[in-house]
Amino acid sequence: MGKFIVANWKMNPASPREAKLLALALKKTASKLTKTRTIICPPALYLSLLIPPRPTKKIFWGGQDACAGVNEAETGAISAKMIKNIGADYLIVGHSERRRAGETDKVVREKVQLAVKAGLKPIICIGEEKRDAHGDYLSFLRGQIGACLGDLKKSYYSEIMIAYEPIWAIGTEAHGADTPDNFLHNALFIRKVFAGLAGNELALALPVLYGGSVNVKNAEGFLKDGRADGLLVGRESLVPDQFKQILQIADKIK
Ligand code: PGA
């Protein structure tokens, strides 16, 4: 199965013109890949501008967040349904930058359900703030998975992707990326916990992505040695030359 490479543009770029140029640069490379699926997640404001009228097989679009409320009186909010109706297929849910702004596991769980109901595939971000030598962070991950994904309708579990993003590895303040070895270990653990909720078959099929300071130098390690099903890329997704190389690296992996 091909890899999933997710571009999380966060609050970038500042103008629609730059957004179009960035998308154009990525699309050229992404459309030539044979196996890899590129999922571009721009600010919701640009989705309608960037999504082509006819869907393509290799490039998909996603939102970065959606509102947990179903009440239509939610000033400033955007619903999963709106994101789906504009032509997107994916939704990042529970990113640590949203959690830092107060989003709880309970809210993440609601968003996951609304996303699936709307027909979007949620990319659920989990990850510990600190890595401890005793492995306590694994209990934290177990808790996060249980609270965000416990007791969902059985059919929902096949729509889900998990992005393991240790918080200490994300963004400009990061200590650097995790290692492929650690990722491999943690992804197995995540799959095991997921199996407890969704059963073995779905747990084997669950895409587990790595995110946090992904770049051209470390992408291959995570995809090959870490056996990541994909990558969630922040900063480097804004630099076309770098992101294109990451896409090409992913496409070469057997
Ligand atoms: P980064 O961000 O690649 O800039 O570390 C990853 C993310 O926040 O998803």
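Here a biologist and a modeller talk through a predicted model and the terms used for it.

Modeller: Quick ground rules: this model is predicted, so local features need pLDDT of at least 70 and side-chain atom pairs count only at pLDDT 80 or more, while totals for chains, interfaces and linings use all residues. Residues are numbered from 1 along each chain as its sequence is written, and side-chain values use heavy atoms, with hydrogens and water left out.

Biologist: Fine! What does the secondary structure of the chain come to?

Modeller: There are 10 helices and eight strands. Those are DSSP runs numbered from the N terminus: helices are H or I with at least four residues, strands are E with at least two.

Biologist: How do you know whether the radius of gyration agrees with a compact globule?

Modeller: Take the rule, 2.2 Å times the number of residues to the power 0.38, with the radius taken over C-alpha atoms. For 254 residues a compact globule would come out near 18 Å, and the chain has 17 Å, so the two agree. Along the principal axes, the C-alpha atoms fill a box of roughly 50 × 45 × 35 Å.

Biologist: What share of the residues counts as buried?

Modeller: That's 52% of the 254 residues. Buried means under 20% relative accessible area, exposed means over 50%, and partly exposed is in between (1.4 Å probe, protein chains only).

Biologist: Why is Ser213 called buried or exposed?

Modeller: Its relative accessible area is 15%, and the cut-off for buried is under 20%, so Ser213 is buried. You'll find Ser213 in the loop between strand 7 and helix 9 (216-224).

Biologist: And what makes Ala177 count as partly exposed?

Modeller: Ala177 has 28% relative accessibility, so it counts as partly exposed. Ala177 sits in the loop between strand 6 (161-164) and helix 7. Ala177 and Ser213 are 36 residues apart in sequence, yet their C-alpha atoms are 5.0 Å apart in space.

Biologist: Which residues is Ala177 in contact with, leaving aside neighbours within four places in sequence?

Modeller: Contact means heavy atoms within 4.5 Å. Among the partners of Ala177 are Trp168, Tyr210, Ser213 and Phe222.

Biologist: Tyr210, you say. Why is the pair of Phe183 and Tyr210 called edge-to-face?

Modeller: First the rule: rings of Phe, Tyr and Trp (its six-membered ring) pair if their centres lie within 6.5 Å; planes under 30 degrees apart count as stacked, over 60 as edge-to-face and the rest as tilted. A search of the whole structure finds six aromatic pairs. In this one the centres are 5.8 Å apart and the planes are at 80°, so the pair is edge-to-face. It links distant parts of the chain, with Phe183 in helix 7 (residues 180-198) and Tyr210 in strand 7 (residues 208-211), 27 residues apart. Phe183 and Tyr210 are buried, and they form one aromatic cluster with Tyr164 and Phe222.

Biologist: What is the peptide bond from Asn12 to Pro13, cis or trans?

Modeller: It's cis, with omega near -10°. Pro13 is in the loop between strand 1 (4-8) and helix 1 (16-30), and that loop also holds Lys10.

Biologist: What makes phi of Lys10 worth pointing out?

Modeller: Lys10 isn't glycine, and its phi is positive, near 50°. Most residues other than glycine have a negative phi, and most peptide bonds are trans. Ser213 also has a positive phi, near 55°. As for cover, Lys10 has 22% relative accessibility, so it counts as partly exposed.
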